[in-house]
Amino acid sequence: MSRELIEKYGEARLPRYTSYPTAPRFAPGIGAGTYGDWLAAIPASEAISLYLHIPFCRSMCWYCGCHTSITQKDQPILDYLDVLKREIRLVAKAAGKPLKVGQIHFGGGTPTIMTPEEFLDLSAFLHREFNIAPNAGTAVEIDPRTLTRSMIGALGQSGVTRASLGVQSFDPVVQKAINRIQTAEQTSDATLGLREAGIDSVNFDLIYGLPHQTVASCIETARTAIAMRPDRFAVFGYAHIPSFKKHQRLIDERALPDAAERHAQAEAIAETLAAAGYRRIGLDHFALPEDDLSLAAETGRLHRNFQGYTTDACKTLIGLGASAIGRTVDGYIQNDVAIGQYAQRIASRKLATVKGYRLTAEDRLRAAVIERLMCDFRVDLASLCEAHGFDLDQLLSGNAMFQRLLEDGITEMKDGVVTVRRDCRFVIRAVAASFDAYLDQSARTHSKAA
């Protein structure tokens, strides 16, 4: 990909499209009452997914973009878990029947900040309130720096099937610049312990575009991680938004790479992983050939949700906890972000929903188009339009952004099928954005990120 196209598209402020419409479109018009109606409408026979947000960490990583709070005390965590269980009970009651659960994801923050006993208790509580399938997949996000042997045992005992370990970078200079010191030995010990506990699938998260990061250090980190042979990698670009995440002001902006260097880092990691036998999945995931994610990508069964690329095909995702986002066939819902206000809403025996979005027929069409682009780098526009009852002109008429992508050679279209050029996949979000009816015009001009 030419430097000109990287400069034009590579650093545009564009969504990651883990949903469509994206979270900025959520509005207060969708509240607890609406969400209750949507829960009651879920068919008893339909498998759903659960996402539980644990918004606590022991220390702040300066690059972090998550909703989390720092605590050295255990009491705030205990109080929060009590509220979380009350929310679970409220959701189960609103549904009016035992909801069948096929997938569970614990995110954060740091879910393993709980004690082993607390994690086992919460898992048992979920089994009492929901109809969790015997073969349900359970994923947990983990900070290897604080993971204990007893917690590993609890994860195995509770039936966790996948562990996602934060790594980011093994470069000590980069680690110091982002306030996250983590040795390769800590990561290796955690990985080996999890596998010994029967957790067969392990994912590593890596980040490029961090302060003082170089192509060489990215390659070295990737090689160190490959030696531990995780099943999957998620490789994200650092998003520097200090106006939104104030702790990011502690990062030296002068040490951040430019667009061309970020692209070079991303491709260096991708090439290193590919050379080691990992297959590239979508924009930023990699998996061993026998992994479910690879098999889903090969057969067109790959999906995208708030956790990124997934094999989870459930139509309903119930978000639990402060700031958690959920989805039903009717639309999106989000809980109160502030832990205190979230707790107050639950104390009043109401669902914690504060905003959301009701999907239209056109939204569903555009969501399908964007998901296929993000997953497959191609989409049959004509077939999707026909399936959703729309004319192709609904997506193409007056679409200047898509026309520019065609003119720049990033995409091509033949017989209603759009394909993204292989060496331009790095800017797939720009292609997806061309079908986003709500995207700000300022974003459509491809203005560069800070």
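This short talk covers two helix pairs, one partly buried helix and one loop residue in a predicted model.

Ground rules. Residues are numbered from 1 along each chain as its sequence is written, and side-chain values use heavy atoms, with hydrogens and water left out. The model is predicted: local features need pLDDT of at least 70, side-chain atom pairs count only at pLDDT 80 or more, and totals for chains, interfaces and linings use all residues.

Helices (H or I, at least four residues) and strands (E, at least two) are DSSP runs, numbered from the N terminus.

Helix pairs now. Two packed helices are described by the angle between their axes and the distance between the axes. Axes here are lines fitted to C-alpha atoms, for helices over the stretch in contact, and angles run from 0 to 180 degrees between N-to-C directions.

Take H3, residues 75-95, and H4, residues 116-129. They pack at about 10 degrees, axes 10 Å apart. H3 and H4 are therefore roughly parallel (angles under 35 degrees). Contact means heavy atoms within 4.5 Å. On the H3 side, the contact residues include Leu81, Lys85, Ile88 and Arg89. On the H4 side, they include Glu118, Asp121, Leu122 and Phe125. By class, that contact has 9 nonpolar, no polar and 5 charged residues. Nonpolar is Ala, Val, Leu, Ile, Met, Phe, Trp, Tyr, Cys and Pro; charged is Asp, Glu, Lys and Arg; the others, Gly among them, are polar.

Next, H12 (residues 361-376) and H13 (residues 381-388). Their angle is about 150 degrees, with the axes 10 Å apart. That makes H12 roughly antiparallel to H13 (over 145 degrees). H12 brings Arg364, Leu365, Ala368, Val369 and Arg372 to the contact, and H13 brings Leu381, Leu384, Cys385 and His388. The split is 6 nonpolar, 1 polar and 2 charged.

On to H8, residues 215-226. Its 12 residues should span 16 Å at 1.5 Å a residue (1.5 Å times one less than the residue count), and the end C-alpha atoms are 16 Å apart, which agrees. Which H8 residues are buried, meaning under 20% relative accessible area with a 1.4 Å probe, protein chains only? Ser217, Cys218, Thr221, Ala222, Ala225 and Ile226. Their cover includes strands E6, E7 and E8, and helix H9.

Last, Lys350. This residue is in the loop between helix H11 and strand E16. Lys350 is exposed (over 50%), with a relative accessible area of 54%. Not counting residues up to four places away in sequence, Lys350 touches Leu90 and Arg345. The C-alpha atoms of Lys350 and Arg180 are separated by 38 Å.

How values were computed. Angles under 35 degrees count as roughly parallel, over 145 as roughly antiparallel, 65 to 115 as roughly perpendicular and the rest as oblique.
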